[in-house]
Amino acid sequence: MIRKSPFITFLALLYLSTFYTPISFAQEIHNRSFALPNGAKARIGNGRIRDVVYSKDGRQLVVASSVGVWVYDAVTHIPLRLMKWHTKSVKALAVDTKNNSILSVDDENTLYFMYLSNGSLYRYTIGAIASKVAISPTRDVFAVNGSDGVKLYHVHLRTEQTKFDLEKEQGQRSHIWDMAFSPNEPILAAAESSSKIALWNKDTGVFIQDLIGHGSDVKSVVFSPDGSTLISGSADKTIRLWDMATRQQKQMLSGDMERVNDVAINVFGSLIAAGCVDGSIHIWDVKTGKHDKTLVGHTGSVLAVTFNPHLPILASCSTDGTLQIWDISTGEKIHTFADNYGEFTSFTVSPDRNTIATPSEDKNIYLWDATTGAYQKTLNRENINEPLFETLNIAYNPNAKTIATRDYPSGISIWDLDSGKQKQLMDKDDVKSPILNWSPEGDILAIAGSENTLQLWDTEADGQSRTVNIPMGAVIDFAYGTDGQTAASVAENMTYYLWDVKTGEEKCVIHLNEAERVYDELLSPDGKTFAIAWTLADVHLYDVDTGEVKTVLNTDVYYISCIAFSPDGRLLAVGTTEGNVIVMDIGTNKVLHEFHVGIGGKKVHRVGFATDMETVVSLSGSGIMYLWDLAAR
């Protein structure tokens with residue numbers, strides 16, 4: 001457990017007793033089940049984190065994620081609300097310094113003003129692809145940025161029409177990483193990919209000048225509280241301070257610091273925080289220009305840093321999926337949010353259907369209770385320095401004592417679940433295929449190899465392998481039947497082959513002449529049925545021995561993305577690109593349940609059954625998982 005600083009605890013109690021008034025919606029929830037979609041009994045993960053800010057009064061911490069905007073109590077860290085007004089992943093936040101409200105912008109280029117006092121909001125549809133948002137201190141305009149420059153909008157005119165498209169010359173625009181409004185002048189500063197900082201008059205839209213000095217992309221800009229100084233952080237590993245009276249650089253902060261993603265300044269203008277790509281946060285003293293301390297704890301790139309305006313604490317978020325709170329005076333981490341904010345890339349259910357294992361973008365593997373979604377354990381990776389590292393798939397061994405992961409480009413790993421230790425089975429894997437299947441005995445692990453081959457690894461014999469040539473094309477899925485010898489492959493002409501793993505002989509050939517594209521396919525648990533999910537609404541079930549169609553399941557939905565058999569082969573779970581999770585009775589060809597994952601990246605990437613078919617698990621494009629209750633009606 002992380003120990004809280006006594007000084008911070010004292011300040012927090014003083015702050016609560018003096019200033020804090022409970023918000024009306026704060027009593028909504030104090031558990032993990034709030035704001036769940038209909039039919040879901042648990043959520044695993046809070047979505048991929050994008051940005052974090054403190055409210056103007058410092059009482060709330062606001063987090064942008066792929067499932068909406070989370071609001072936390074800034075002192076107790078209890079979740080107060082999940083705002084799900086956005087229909088797409090939320091990318092960026094900005095604080096309205098005139099009122100206690102927050103701006104948020106999403107992947108659908110929709111912006112909301114959210115009043116934290118009562119939860120009311122205003123919606124804007126902006127005509128720009130925005131990755132950041134900023135609001136002027138006078139609250140007359142807000143700015144959004146993207147690859148086509150900066151656009152200014154009237155705050156009080158909810159229209160798609162812009163007030164200004166900011167251009168230096170006709171048609172001359174640059175990619176903008178960040179923006180900031182001066183607190184005492186009508187100036188907007190824009191951090192450019194061209195290593196410049198552009199200054200604009202927000203009232204007239206007239207370009208003022210460029211601030212030149214950085215040697216690479218300027219990633220972040222912020223004004224000092226009195227507006228006399230502009231602070232910029234860059235990929236050139238420096239922070240620069242600019243005198244706004246002379247428009248000249250007056251100081252450069254550099255040293256043992258990596259590329260800077262985000263900079264923040266405290267309310268007194270005395271400290272600067274810089275979040276860097278290596279996961280470190282550097283604190284600088286503005287008056288002396290000296291490096292004060294380094295905050296170390298994130299294992300992924302720091303996306304955002306923000307000072308609390310009333311307490312000596314700093315919040316940070318990272319690609320490692322964590323949201324962390326720091327004591328600025330000591331440099332100690334005083335809180336890490338328990339709910340995973342990373343993006344899960346896959347999942348597997350244990351043989352007894354009671355545990356779910358999920359690899360995350362933070363490179364670790366998490367174990368969860370398949371009934372409640374409660375966290376159980378973390379399998380930690382160490383010394384992973386691959387910048388493009390990704391876990392493509394994960395599979396439980398039938399003995400339930402180990403799991404395997406297929407990691408790109410690191411290879412294949414076997415994990416002992418009791419000790420948490422990792423053994424590398426294959427050191428390097430240049431094939432970006434998710435195929436990863438255990439034999440029924442749990443001694444052979446099958447993966448797709450290069451040049452239309454399947455590799456069968458004997459995990460009991462020091463990782464020895466043999467290679468099987470695949471007929472007519474690369475294997476896109478593989479599953480062992482009851483005899484342990486059945487495989488499936490597909491050719492470019494949309495012909496499916498079922499064949500014997502041991503001999504390489506074909507069992508049957510299935511021609512899909514009418515299929516535009518096949519989204520998913522797999523063998524039933526008994527190895528007797530071959531299922532193919534076509535582009536549109538149907539799932540075709542084939543007899544493995546004859547290659548004949550046994551039945552066609554009509555889902556009445558379009559764009560199927562994944563399917564899964566129940567352990568007894570009676571039910572089929574279907575995921576769609578529109579975020580639907582459907583459970584069908586194969587014998588009656590009827591839909592028993594239909595669920596919807598809600599906002600964020602809606603596409604369902606994987607489905608599976610858990611807890612003796614009482615639960616269906618789904619992984620959506622927002623990187624989170626839902627447990628769906630099949631007992632619900």
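Ala404 touches Asn393, Ile394, Ala395, Ser413, Ile414, Leu436, Trp438 and Leu445, leaving aside residues up to four places away in sequence. This alanine belongs to strand S35, which covers residues 402–408, and it is buried, with a relative accessible area of 0%. The model described here is predicted. Its mean pLDDT is 84, and 87% of the residues reach 70 or more.

**Surroundings of Ala404**
- One of the contacts of Ala404 is Trp438; the two residues are 34 apart in sequence, and their C-alpha atoms are 8.8 Å apart in space.
- Ala404 counts as buried because its relative accessible area of 0% falls under the 20% cut-off.

**Nonpolar cores**
- The largest nonpolar core has 39 residues, and Leu61 and Leu323 touch the most other members.
- Beyond residues up to four places away in sequence, Leu323 touches Ile49, Val52, Leu61, Val63, Ser316, Cys317, His335, Thr336, Phe337 and Tyr341.
- A second core, separate from this one, holds 16 residues, among them Ala92, Leu103, Val105 and Ile126.
- In soluble globular proteins, nonpolar side chains tend to be buried together.

**Salt bridges**
- The model contains 16 salt bridges.
- Side chains of opposite charge can pair when their charged atoms come close.
- Arg50 and Asp107 form one such bridge, at 3.7 Å from N to O. Arg50 lies in strand S2 (residues 49–54) and Asp107 in the loop between strand S7 (101–106) and strand S8 (110–115), so the pair ties together parts that are 57 residues apart in sequence.
- Both ends of that bridge are partly exposed: Arg50 has a relative accessibility of 28%, and Asp107 has 39%.
- Arg139 and Asp96 also meet through their side chains, at 2.4 Å from N to O. This pair links distant parts of the chain, 43 residues apart, with Arg139 in the loop between strand S10 (133–135) and strand S11 (141–146) and Asp96 in strand S6 (residues 90–96).
- Arg139 and Asp96 are both buried.
- A further bridge joins the side chains of Lys202 and Asp203, at 2.9 Å from N to O. Lys202 is buried, with a relative accessible area of 7%, whereas Asp203 is partly exposed at 38%.
- Salt bridges also link Lys168, Glu192, Lys196 and Asp210 in a network.

**Strand S22 and its hairpin**
- Strand S22 (residues 260–265) is largely enclosed by the rest of the structure, because 6 of its 6 residues are buried.
- S22 runs antiparallel to strand S23 (residues 271–276), and 5 bridges join the two.
- Within this pairing, Val260 stands opposite Cys276 of S23.
- The two strands form a hairpin with 5 residues between them. In the turn, Gly269 has a positive phi of about 70 degrees.

**Confidence in the prediction**
- Across residues 13–33 the pLDDT is below 50, although this stretch has 36 contacts in the model beyond near neighbours in sequence.
- Where pLDDT is low, the predicted coordinates should not be read in detail.

How values were computed
Residues are numbered from 1 along each chain as its sequence is written. This is a predicted model: local features need pLDDT of at least 70, side-chain atom pairs count only at pLDDT 80 or more; totals for chains, interfaces and linings use all residues. Side-chain values use heavy atoms; hydrogens and water are left out. A nonpolar core is a set of buried Ala, Val, Leu, Ile, Met, Phe, Trp, Tyr and Cys residues joined through side-chain atoms within 4.5 Å. Buried means under 20% relative accessible area, exposed over 50%, partly exposed in between (1.4 Å probe, protein chains only). Contact means heavy atoms within 4.5 Å. A salt bridge is a side-chain nitrogen of Lys or Arg within 4 Å of a carboxyl oxygen of Asp or Glu. Helices (H or I, at least four residues) and strands (E, at least two) are DSSP runs, numbered from the N terminus. pLDDT is the predictor's confidence in each residue, from 0 to 100. Two strands pair if DSSP finds at least two bridges between them.
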